[in-house]
Amino acid sequence: MVCEDPTAFPTTLVIDTSYGSTVSVVGEEPIHEADSRLHVERLQPNIAAAIERAGLEPKDIARIVVGTGPAPFTGLRAGIVAAKALAFALDAQLLGQDVLEPQAVWQAERRLRADGGVAAEYRHLVLAVNDARRRQLYYRLYESVIEPTDASGLAKAGLPRPIGDMDIAYPNDIVERTNAIVSDMLGEDDRPIVVDVIGHGVEKYASAWLNLIRRGELIDDSVLHGAGVEGPILFARTAERHHVDGDECPSEPLYLRRPDVSVPNPLKHVLNHGGADRAGSDRAGSDRAGSDRAGADHGADRVAAEGEGGR
């Protein structure tokens, strides 16, 4: 399966702050800090502890795989900044990986194991989510891809096929959009469809999933700290597959939510005063009116003088 070899990345460090913080040298048990009030300040000590636990020194780290979200701004930024700083200081390769895709791979792995390592006769969809707070979820829908059996005779989960874009929405809206997609897919072939939902926020919005058609398993957990040693291996393996396929694996953060900053409104008019622009306009208009009046007066005087001269 995709994560059967913990020695494939012996000097790879995984850092993710998409939900709390998780740090691990691949092949070791991850260190997870769930308290969002403390995970940033404990990030550096946890990184040092993870490297020491693996029997390594910082200079031994050759690759860093960092979670790019989607997640709220502050915590996500802390992990990415730490990863970039370490990669620069250690001259290590830096790969970015979103946190939703490995969730889908993990769930495909779990389904395969439950089915005895044999590809099932149904279409398996995974709705991967992450809590975005403000009663919203980050999400993306995937269809599991099962690769041909290897020498062991067992199938394995490949990179899933994304269905639609990564987005942020309220749970009920996510269910409505997913149901529309599933309804369209039902007419494509005779295979049944199962939709599993996995990630932080599943339990928090449990009532919304009751309206999901073809609903399968509901799992409120993260591959990075819920799968034990296997989680960071799978996370790093997913990023490595993209890299081998030519993906640059950028480490730019995925916020998805629009900024809370907006362009301020113009100054309010007070006592019929239009502000600086109006005042300037009024002054210009007044100057023009004065000039016109002066011209008119001068013209009248000239006419009067010519009239007097004619008499």
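What share of the 311 residues in the protein is buried?

1. Overall make-up. This is a predicted model. Buried residues account for 45% of the 311 residues in the protein. The chain forms eight helices and twelve strands. About 16,500 Å² of the protein is exposed, and carbon and sulfur atoms supply 51% of that area. Among contacts with a separation of 6 or more, 68% are between residues 24 or more positions apart.

2. Helix 2, length and end. Helix 2 covers residues 73-90, which makes 18 residues. Its end C-alpha atoms are 26 Å apart, and this agrees with the 26 Å that the helix should span at 1.5 Å a residue. After helix 2 comes D91, which has a positive phi, near 55 degrees.

3. Helix 2, packing. The buried residues of helix 2 are G75, L76, A78, G79, I80, A82, A83, L86 and A87. What do these buried residues pack against? Their partners include two strands that can be found early in the sequence listing, strand 1 (12-16) and strand 4 (63-67). Helix 1 (43-53) and strand 5 (93-97) are also packed against by the buried residues of helix 2.

4. The loop before helix 2. P70 is in the loop between strand 4 and helix 2. The peptide bond that joins G69 and P70 is cis, with omega about 10 degrees. A reader who follows the backbone from strand 4 to helix 2 can look for this bond in the loop that holds P70.

5. Two arginines in one loop. R134 lies in the loop between strand 6 and strand 7 (136-143), and R135 has its place in the loop between strand 6 and strand 7 as well. Phi of R134 is positive, near 55 degrees, although R134 is a residue other than glycine. R135, also a residue other than glycine, has a positive phi near 65 degrees. Are these residues buried or exposed? R134 has a relative accessible area of 49%, so it counts as partly exposed, since exposed means over 50%. R135 has a relative accessible area of 61% and is therefore exposed.

6. H200 and its surroundings. H200 sits in the loop between strand 11 (193-199) and helix 5 (206-209). Its relative accessible area is 8%, so H200 is buried, the cut-off being under 20%. The H200 side chain makes a polar contact with the side chain of H225, at 3.2 Å. Leaving aside neighbours within four places in sequence, H200 is in contact with Y19, V129, N130, D131, L137, D220, D221, S222 and H225.

7. The cavity. Rolling a probe the size of a water molecule over the atoms shows where empty space is left. How many cavities of 30 Å³ or more does the structure hold? There is one. The largest cavity has a volume of about 130 Å³. It is lined by 16 residues, and those closest to its centre are D16, V99, N130, H200 and S222. At least two residues of the lining come from each of helix 3, strand 6 and helix 6 (223-226). Helix 6 gives the largest share of the lining, three residues.

8. The second largest pocket. This pocket holds about 210 Å³ of space. Its lining has 15 residues, and A120, Y122, H124, S144 and I146 lie nearest its centre. Helix 3 (100-114) and strand 6 (123-133) are the elements that give two or more residues to this lining. Which element gives the most? Helix 3 does, with three residues.

9. Helix 7. Residues 230-244 form helix 7, with 15 residues. From its first C-alpha to its last, helix 7 reaches 21 Å, close to the 21 Å expected at 1.5 Å a residue. Helix 7 is mostly covered, as 13 of its 15 residues are buried. G246 follows helix 7 and has a positive phi, near 100 degrees.

10. E230. This residue is found in helix 7. E230 has a relative accessible area of 18%, so it is buried, because buried means under 20%. E230 and E28 are 202 residues apart along the chain, with their C-alpha atoms separated by 8.6 Å.

Terms used:
Residues are numbered from 1 along each chain as its sequence is written. This is a predicted model: local features need pLDDT of at least 70, side-chain atom pairs count only at pLDDT 80 or more; totals for chains, interfaces and linings use all residues. Side-chain values use heavy atoms; hydrogens and water are left out. Helices (H or I, at least four residues) and strands (E, at least two) are DSSP runs, numbered from the N terminus. The expected span of a helix is 1.5 Å times one less than its number of residues. Buried means under 20% relative accessible area, exposed over 50%, partly exposed in between (1.4 Å probe, protein chains only). Contact means heavy atoms within 4.5 Å. Accessible areas come from the Shrake-Rupley method with a 1.4 Å probe; for residues, only the protein chains shown count as cover. A polar contact is a pair of N or O atoms within 3.5 Å; within protein, one must be able to donate a hydrogen and the other to accept it, and residues adjacent in sequence count only if both atoms are side-chain atoms. On a 1 Å grid over the protein atoms alone, a cavity is a set of points where a 1.4 Å probe fits but cannot get out, and a pocket is an open set with protein on both sides within 12 Å along at least five of seven lines; lining residues have an atom within 4 Å of a point. Grid points are joined across faces, edges and corners, and a volume is the space filled by probe spheres set on the points.
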